[in-house]
Amino acid sequence: MGSVFEFTQRIFPPGLMKPGMTKEEFGKLFERRLREFEEGGFLEETKLPPIRGEEEFLRKLAYHKRNDELMVVKYWKKGCMPCLSKAEMYKEVEQWMNEDRPGAAFYSIDIHHKDNLDLSERQLVDGTPSIQKYWNCQQVGGEVRVNEKQSFMENIKATIASCMAGKCPTNTEPEM
């Protein structure tokens with residue numbers, strides 16, 4: 001997992017952009033390459049289980065409340081470079097947590113999907129990617145802003161431990 005710049009280099013290999021390209025030419029190339037990259041298997045490889053709409057979101061909250069599990073939700077949208085650059089990290093953490101460390105369930109919400117427009121607004125999603133955590137049907141802690149896997153795993157483990165002990169973090173400023 002690297003920076004947005006490093007990720008951009010995966011989408012635009014050397015020699016793809018020609019000297020003297022106009023803004024319009026670059027814009028079309030950018031959109032085409034990004035779409036090809038997303039549709040070429042990347043979105044499928046890094047996919048977290050999707051939530052579609054408020055009703056499904058509320059069902060998931062209730063289910064994980066009954067099971068004393070932290071619900072981790074990634075809010076994202078297609079064509080978002082920061083979303084794409086962190087997608088592999090989110091997927092790796094989900095897989096790590098699912099191996100033998102129960103206590104968290106990961107989901108994704110595409111904020112531009114027609115069924116999610118109101119949901120993302122009600123959850124106060126302020127840009128993408130955005131990670132929010134829920135325990136007992138309540139958002140806990142602030143929006144998670146991490147750039148590397150180890151910090152993200154530690155954040156999730158600490159939140160689970162705090163909530164299991166009855167001391168969930170309050171919904172405050174973003175967590176780094």
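Residues 24 or more positions apart account for 75% of the contacts in the chain with a separation of 6 or more, a contact being a pair with heavy atoms within 4.5 Å. The model is predicted, so to speak of local features requires a pLDDT of at least 70, side-chain atom pairs count only at pLDDT 80 or more, and totals for chains, interfaces and linings use all residues. Residues are numbered from 1 along each chain as its sequence is written, and side-chain values use heavy atoms, with hydrogens and water left out.

As for the overall layout, the chain has six helices and four strands, taken as DSSP runs (helices H or I, at least four residues; strands E, at least two) and numbered from the N terminus. From start to end, the order is α-α-α-β-α-β-α-β-β-α. Put in a box along the principal axes, the C-alpha atoms take up roughly 60 × 35 × 30 Å. Of the 176 residues, 44% are buried, where buried means under 20% relative accessible area, exposed means over 50%, and partly exposed lies in between (1.4 Å probe, protein chains only).

Now for the strands. Strand β3 (130-135) is mostly covered, with six of its six residues buried. In a regular strand the side chains alternate between the two faces of the sheet. In β3, Ser130, Gln132 and Tyr134 sit on one side and Ile131, Lys133 and Trp135 on the other, and both faces are covered. Strand β3 pairs with β1 in the antiparallel sense over five bridges, pairing being called when DSSP finds at least two bridges between two strands. One of the residues involved is Gln132, the bridge partner of Val73. Strand β3 also runs antiparallel to β4, joined to that strand by four bridges, and here Lys133 has Val140 as its bridge partner. Two residues lie between the strands in the β3 and β4 hairpin, where Asn136 takes a positive phi near 50°.

What about the inside? The largest nonpolar core holds 20 residues, and Leu70, Val72, Met97, Ala104, Phe106, Phe152 and Ile156 touch the most other members. Such a core is a set of buried Ala, Val, Leu, Ile, Met, Phe, Trp, Tyr and Cys residues joined through side-chain atoms within 4.5 Å. At least two of its residues come from each of β1, α4, β2, β3, β4 and α6. Beyond its neighbours within four places in sequence, Ile156 is in contact with Leu70, Val72, Met97, Ala104, Phe106 and Lys133. There is also a second, separate core of 14 residues, Phe12, Leu29, Phe37 and Phe42 among them. Helix α6 (residues 149-164) is home to Asn155, which is buried at a relative accessible area of 10%.

Finally, the largest pocket contains about 310 Å³ of space. On a 1 Å grid over the protein atoms alone, a pocket is an open set of points with protein on both sides within 12 Å along at least five of seven lines, and lining residues have an atom within 4 Å of a point. Grid points are joined across faces, edges and corners, and the volume is the space filled by probe spheres set on the points. The lining has 18 residues, with Leu43, Lys47, Trp76, Lys78 and Ser108 the closest to the pocket's centre. Helix α2 gives the most to this lining, with four residues.

Methods: 1 Å grid on protein atoms, 1.4 Å probe; cavity = no way out; pocket = protein on both sides within 12 Å on 5 of 7 lines; lining within 4 Å.
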